[in-house]
Amino acid sequence: MEFPQEFIEKLKKSESILFFTGAGISAESGIPTFRGKEGLWKNYRPEELANFDAFLENPDRVWEWYQYRRKIIRDATPNPGHLAIAAMENYFKKVVVVTQNIDNLHNRAGSKEVYELHGNIERSYCINCKTFYDTTQFKSESKVPHCPKCGGLIRPDVVWFGEMLPSDVLASAQKAAEQCDICFVVGASAVVYPAAYIPITAKKSGAYLVEINIQPTELTPLANLSLIGKAGEILQAILKQMIENR
Ligand code: OAD
Ligand code: ZN
């Protein structure tokens with residue numbers, strides 16, 4: 001894969017890089033993206049299940065959907081894209097990952113500084129007393145579990161539609177966006193706010209914006225460089241470029 005000289009020079013000069021990732025980076029691990037047809041479960045769209053009212057109305061159904069997704073995620077492994085991002089830590093002073101994904105795959109790939117804007121599917125908490133639980137302890141529950149302490153309903157620690165992003169995580173991600181030299185946007189449709197402000201903040205603060213996606217998005221006009229193709233292949237090619245640059 002050939003990159004423009006301007007980008008190669010940027011890679012040589014940069015100390016701090018940020019990866020903003022969405023569902024597309026995990027597609028090659030076999031995890032369905034949201035907005036494709038594969039995102040449907042029993043004919044429900046994610047928007048119909050990933051909200052608090054849907055949970056209160058039918059907690060077992062929402063729980064079953066998350067159990068189905070946890071199974072896919074646990075059986076999946078980080079792909080060359082996640083692994084390339086983790087390996088970048090050998091070539092840059094600072095590598096920050098800001099992800100919309102809840103699938104835990106950046107952590108499993110070995111990335112050290114990961115900000116999960118939408119939470120993590122392997123964490124849960126009681127909606128009543130707010131006690132946190134590791135979801136693996138409810139691995140075999142097909143119906144929504146109740147809090148061992150107070151009997152309240154247990155929900156996944158993920159951000160649902162209409163809910164706020166965790167403010168401390170968002171603040172750290174914003175700060176990293178302001179300070180990075182290159183911001184990569186990988187496999188994200190960039191239509192979900194406020195998460196999509198991260199790459200916009202980076203660009204406004206002077207970062208070089210690189211988009212990696214199998215198709216153009218709403219963010220493409222803002223990018224300094226748009227690389228069309230699979231995240232795993234392109235990220236491995238960038239890693240190879242870094243090795244050659246040394
Ligand atoms: P989407 O499913 O909206 O978008 C996935 C993006 O990945 C699309 O732009 C695809 O073109 C691209 N893509 C697919 N396969 C790819 C591949 N192999 N390599 C590179 N790109 C690929 O997912 P997100 O942008 O992550 O929110 O969606 C954002 C949020 O919307 C999710 O976190 C979730 C959802 O509703 C919440 O749950 C709050
Ligand atoms: Zn409780």
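H1 and H10 sit roughly perpendicular to each other, because angles of 65 to 115 degrees get that label (under 35 degrees is roughly parallel, over 145 roughly antiparallel, the rest oblique). This is a predicted model, where local features need pLDDT of at least 70 and side-chain atom pairs count only at pLDDT 80 or more, while totals for chains, interfaces and linings use all residues. Residues are numbered from 1 along each chain as its sequence is written, chains are lettered from A and ligands numbered from 1 in the order in which they are written, and side-chain values use heavy atoms, with hydrogens and water left out.

**Helix packing**

Helices here are DSSP runs (H or I, at least four residues), numbered from the N terminus. Axes are lines fitted to C-alpha atoms over the stretch in contact, and angles run from 0 to 180 degrees between N-to-C directions. Here are the three pairs:

| Pair | Angle | Axis separation |
|---|---|---|
| H1 (residues 5-13) and H10 (residues 231-245) | about 65° | 10 Å |
| H8 (residues 167-179) and H9 (residues 197-204) | about 30° | 7 Å |
| H6 (residues 80-87) and H10 | about 25° | 7 Å |

H1 and H10 cross in a right-handed way (the near helix is turned clockwise from the far one by less than a right angle; anticlockwise would be left-handed). On the H1 side the contact (heavy atoms within 4.5 Å) uses Phe7, Ile8, Leu11 and Lys12, and H10 answers with Ile238, Gln241, Met242 and Asn245. That breaks down into five nonpolar, two polar and one charged residues. For the classes, Ala, Val, Leu, Ile, Met, Phe, Trp, Tyr, Cys and Pro are nonpolar, Asp, Glu, Lys and Arg are charged, and the others, Gly among them, are polar.

H10 also packs against H6, and that pair is roughly parallel. Its crossing is left-handed. Pro80, Gly81, Ala84, Ile85 and Ala87 of H6 touch Ala231, Gly232, Leu235, Gln236 and Leu239 of H10. The tally is seven nonpolar, three polar and no charged residues.

Then there's H8 with H9, a right-handed crossing. H8 brings Leu170, Ala173, Gln174, Ala177 and Glu178 to meet Tyr197, Ile198, Thr201 and Ala202 of H9. By class, that's six nonpolar, two polar and one charged.

**Around ligand 1**

Ligand 1 has 22 residues around it (a heavy atom within 4 Å), and the closest are Ala23, Arg35, His118, Ser189 and Asn213. A few polar contacts (pairs of N or O atoms within 3.5 Å) are worth a look. Ala23 uses a backbone N or O atom, 2.7 Å from an oxygen atom of the ligand. Glu28 puts a polar side-chain atom 2.9 Å from a ligand nitrogen atom. As for Gln215, an N or O atom in its side chain is 3.2 Å from an oxygen atom of ligand 1.

Notes:
Helices (H or I, at least four residues) and strands (E, at least two) are DSSP runs, numbered from the N terminus. A polar contact is a pair of N or O atoms within 3.5 Å; within protein, one must be able to donate a hydrogen and the other to accept it, and residues adjacent in sequence count only if both atoms are side-chain atoms.
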